[in-house]
Structure formats: C-alpha cells, structure tokens
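Q: Please take one single part of this model and look at it closely, step by step. I would also like to know how that part fits into the rest of the chain.

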Amino acid sequence: MARTLAETHPDAHCELNHGNALELAVATILSAQTTDQRVNEVTPKLFQRYPTAVDYAAADRAELEELIHPTGFFRNKTDSLIKLGQALVERYDGRVPGRLDDLVSLPGIGRKTANVILGNAFGVPGITVDTHFSRLVQRWRWTAETDPVKIEHAVGALIEKRDWTMLSHRVIFHGRRVCHARKPACGACTLAADCPSYGLGPTGYETAVRLLSGPRVDELAEQAKP
C-alpha cells in the first residue's frame, strides 16, 4: 500500500508554504482548526512583516492579531507566536532547534508540529499524525491505536524510517483527494485491491470519480481506471 501511494501521489509535499524552519513553525501553528490554503493566503504578508524570532518576540499584539485573524482562534495563536519568538530568542539564539525534545518544549509546538518541522525543514524523518493520517491508517487497519503517539510508533514499525516523512505527505494527500472521511472514492482508488475497508464509499468507477478532488483529478482517475 505504501508503494502504491508513492506511485499515486508523486507530487506529495508539505502544503504549507514556507522558506525556512521558522516560517514552517509559524505556518503549522496557524494551521490548527483551519485549512492550509487559508494559512497560505495569510503568511506572505506575515513573513514579510516578521522575518525573525526577534520580530515575533517584540510583536505588537493587536497588529499580529489583525494579520492572522482569517485563520481563526487568532488570539490564542498570537499568544503562541509571541511566546515562541521569546523562547527562541532566550533559549536558542533566535533559531529553531532541530531536535524533537527541544521543539516540543517550545510554546505552541506539540509532537505533530515538531515532526512536520523536522521532516520538512531539517530532513529528519518523522511521521505526522494529523486527522487524515490517523483516520486512514485506522481505516486500512495498519493499527488499532487511537492515541497519536501510539499511532506514530505503530506505523513507524511498519515502514522504513527514511520513508516516514514522505509517507506522511502521501497518506495526507490521499485523505484529502481520494479517501474522504464521509464518502471515500472507493471505486476510483488505487488502493482498492488491498484496502480492508473497500466499500465504505461508492464502488462504481463513474460515481467514485466524481468524488476525487485536488489539482490532479484526471491523473488520479486514470490511475484507478478498471
């Protein structure tokens, strides 16, 4: 299934636009309870206004709140960003650390966010257990665990460590484009032959194709053609 995912989603990548570890940390904090697309609409101005940890540490709260308002929960997120900047300045000379233990000690950064940063900014393999990842690996019966950390360890034991980061992207892509929560496109899914939950969604190809989403709908449909 992992090999099929690699063939199905050759374009899989982190969908939060960023240019460095700090920008990715900020974007990931902003992504809570909103879409990556909404975050990407906000971050160009944000990154231009606050290019360093020092800038976040000294940010005017009202100005920062206004900039990130469209992402929702903007007061809590503003608090996290200011505290993150302060912690980075005080403890890490303004730089985002590249170790899991250090990252999870920072305000606003949990294990999921830390793995996103490690895998995409530092090249350190990590499994990102977001809602899509959790839902799909349970649906595929790769694990019966429900706790994110236990899911991370269970899937990590099945997959080569070097592939952890890309596997995360591919599973998340599949969850967003094919294997939807309410009505998966079972009849237009390249994993159909191996999936123990095949039939949760429409199994007819023509019906399932209409459920596909994303920029590569035609290619996804062609790959799954019976």
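A: A residue counts as buried when its relative accessible area is under 20%, and as exposed when that value is over 50%. The model here is a predicted one, and the part to look at closely is V178, which sits in the loop between α11 and α12 (205-209). Is V178 buried or exposed? Its relative accessibility is 3%, and because that lies under the 20% limit, V178 counts as buried.

The next step is to ask which residues V178 touches, leaving out those up to four places away in sequence. They are H9, F173, P184, A185, A188, C189, L212 and L220. A residue can also be placed by its distance from another one: V178 and A144 are 34 residues apart in sequence, and from C-alpha to C-alpha they are 22 Å apart in space.

Some of these names return when we turn to the empty space inside the model. Rolling a probe the size of a water molecule over the atoms shows where empty space is left. A search of the whole structure finds 1 cavity of 30 Å³ or more, and the largest cavity has a volume of about 100 Å³. Of the 14 residues that line the largest cavity, C179, P184, C186, C189 and C195 are the closest to its centre. P184 and C189 are also among the residues that V178 touches. Sorted by class, the lining of this cavity has 11 nonpolar residues, 2 polar ones and 1 charged one.

From here we can follow α11 (164-177), one end of the loop that holds V178, to the largest pocket, which has a volume of about 850 Å³. The lining of the largest pocket is made of 37 residues, and S31, D36, K112, D130 and R176 lie nearest its centre. Which helix gives the most to this lining? It is α11, with 7 residues. At least two residues each also come from α2 (21-30), α3 (36-49), α6 (74-92), α8 (111-121) and α9 (131-139). By class, the lining of the largest pocket divides into 7 nonpolar, 23 polar and 7 charged residues.

The second largest pocket has a volume of about 190 Å³. It is lined by 14 residues, and those nearest its centre are N115, P125, E152, K161 and W164. Two or more residues of that lining come from α8 and likewise from α10 (148-156). Its residues fall into 7 nonpolar, 4 polar and 3 charged.

Since α8 contributes to the linings of the largest pocket and the second largest pocket, the helix deserves a moment of its own. In α8, the residues T113, A114, N115, V116, I117, L118 and G119 are buried, and N115 is also one of the residues nearest the centre of the second largest pocket. An α-helix has 3.6 residues a turn, so residues three or four places apart point the same way. The cover over the buried residues of α8 includes α2, α7, α10 and α11, which brings us back to the helix before the loop of V178. After α8 comes G123, which has a positive phi near 70 degrees.

Positive phi also turns up at residues that are not glycines, and these make a useful contrast with V178. F73, in the loop between α5 (61-68) and α6, has a positive phi of about 45 degrees, and with a relative accessibility of 52% it counts as exposed. D93 lies in the loop between α6 and α7 (100-103) and has a positive phi of about 55 degrees. At 59% relative accessibility, D93 counts as exposed, whereas V178 counts as buried at 3%.

Finally, the whole chain gives the setting for this one residue. The chain has 13 helices and 0 strands. Its radius of gyration is 19 Å, close to the 17 Å that the globule rule gives for 226 residues, so the chain is as compact as a globular protein of that length. Along its principal axes the C-alpha trace spans about 55 × 35 × 25 Å. Of the 226 residues, 48% count as buried, and V178 is one of the buried residues. Among contacts with a separation of 6 or more, 55% join residues that are 24 or more positions apart. The accessible surface of the chain comes to about 11400 Å², and 48% of it belongs to carbon and sulfur atoms.

Key:
Residues are numbered from 1 along each chain as its sequence is written. This is a predicted model: local features need pLDDT of at least 70, side-chain atom pairs count only at pLDDT 80 or more; totals for chains, interfaces and linings use all residues. Side-chain values use heavy atoms; hydrogens and water are left out. On a 1 Å grid over the protein atoms alone, a cavity is a set of points where a 1.4 Å probe fits but cannot get out, and a pocket is an open set with protein on both sides within 12 Å along at least five of seven lines; lining residues have an atom within 4 Å of a point. Grid points are joined across faces, edges and corners, and a volume is the space filled by probe spheres set on the points. Helices (H or I, at least four residues) and strands (E, at least two) are DSSP runs, numbered from the N terminus. Ala, Val, Leu, Ile, Met, Phe, Trp, Tyr, Cys and Pro count as nonpolar, Asp, Glu, Lys and Arg as charged, and the others, Gly among them, as polar. The radius of gyration is taken over C-alpha atoms; the globule rule is 2.2 Å times the number of residues to the power 0.38. Buried means under 20% relative accessible area, exposed over 50%, partly exposed in between (1.4 Å probe, protein chains only). Contact means heavy atoms within 4.5 Å. Accessible areas come from the Shrake-Rupley method with a 1.4 Å probe; for residues, only the protein chains shown count as cover.
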